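Q: Please take a close look at one part of this model. Start with the pocket, then work outward from there.

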Amino acid sequence: CPGNGICKCRVCECFPNFTGSACDCSLDTSPCMASNGQICNGRGTCECGTCNCTDPKFQGPTCEMCQTCLGVCAEHKDCVQCRAFDKGEKKETCSQECMHFNMTRVESRDKLPQPGQPDPLSHCKEKDVDDCWFYFTYSVNSNGEANVHVVD
């Protein structure tokens, strides 16, 4: 019972937080906790302290790695561009497709939220339709609300 229980009459009696015939399955879910605070990033199940990813696009110890996914910045750049600057590929459909986040304008890059806040934060630098750089941050708070801060 590899130190996780007591052997009585050839049967393991597991200590709390362990299960299985050999007490080799930990019920501790902390190794499965993704950076967003969800077990296995909400894309898998935690079995014996290890993530079993149920979404085939996601892998890794906490189901957070996705080789084929667009990054957060690329995924939201068209919506940030149309909301903030009224241009880009989604300019005509902006009000239908791009209202899923709260947007705050800031004057300069040093006014953008900085890492270290409780919500996971992505700093983005993307090119607009005129080949100019624009900067924004994207974060999701504990209520599931997306927040964008964009530099005017």
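What is the volume of the largest pocket, and what lines it?

A: The model is predicted, so local features need pLDDT of at least 70, side-chain atom pairs need pLDDT 80 or more, and totals for chains, interfaces and linings use all residues. Residues are numbered from 1 along each chain as its sequence is written, and side-chain values use heavy atoms, without hydrogens or water.

The largest pocket has a volume of about 740 Å³. A pocket here is an open set of points on a 1 Å grid over the protein atoms alone, where a 1.4 Å probe fits, with protein on both sides within 12 Å along at least five of seven lines. The volume is the space filled by probe spheres set on the points.

The lining of the largest pocket counts 23 residues, each with an atom within 4 Å of a point. Nearest the centre of the pocket lie Asn 36, Asn 41, Arg 43, Val 72 and Val 140. By class, the lining has nine nonpolar, ten polar and four charged residues. Three elements each give two or more residues to the lining: helix H1 (72-85), strand E8 (121-127) and strand E9 (133-140). Helices (at least four residues) and strands (at least two) are DSSP runs, numbered from the N terminus.

Both parts of the chain contribute to the pocket. The chain is divided into domain 1 (5-65) and domain 2 (67-151), with bounds from an automatic or database assignment. Each domain supplies at least three lining residues. The domain centres, taken over C-alpha atoms, are 35 Å apart.

Asn 41 deserves a closer look. Asn 41 is one of the residues nearest the pocket centre. The loop between strand E4 (25-26) and strand E5 (44-47) holds Asn 41. Asn 41 has a positive phi of about 60 degrees, although it is not a glycine. Asn 41 is buried, at 8% relative accessible area. Buried means under 20%, exposed over 50%, partly exposed in between (1.4 Å probe, protein chains only).

Asp 131 also has a positive phi, of about 65 degrees, and is not a glycine. Asp 131 sits in the loop between E8 and E9, two strands that help line the pocket. Here the residue is exposed, at 54% relative accessibility.

H1 and E9 also feed the largest nonpolar core. That core has 15 residues; those with the most contacts inside it are Val 80, Cys 98, Phe 101, Phe 136, Val 148 and Val 150. A nonpolar core joins buried Ala, Val, Leu, Ile, Met, Phe, Trp, Tyr and Cys residues through side-chain atoms within 4.5 Å. Besides H1 and E9, strand E10 (146-151) gives two or more residues to this core. H1 gives the most, with five. Leaving out residues up to four places away in sequence, Cys 98 touches Cys 79, Cys 82, Arg 83, Lys 90 and Thr 93; contact means heavy atoms within 4.5 Å. A second, separate core has six residues, among them Cys 32, Cys 40, Phe 58 and Cys 66.

A few other positions complete the picture. Gln 96 belongs to helix H2 (residues 94-97). Gln 96 is exposed, at 60% relative accessible area. Its C-alpha atom is 25 Å from that of Asp 131, 35 residues away along the chain. Asp 110 lies in the loop between strand E7 (101-106) and E8, and is exposed at 62%. Asp 110 and Val 151 are 41 residues apart in sequence and 9.3 Å apart, C-alpha to C-alpha. Gly 20, in the loop between strand E3 (18-19) and E4, is partly exposed at 34%. Between Gly 20 and Gly 5 there are 10 Å, C-alpha to C-alpha, for 15 residues in sequence.

Technical notes
Nonpolar A, V, L, I, M, F, W, Y, C, P; charged D, E, K, R; others polar.
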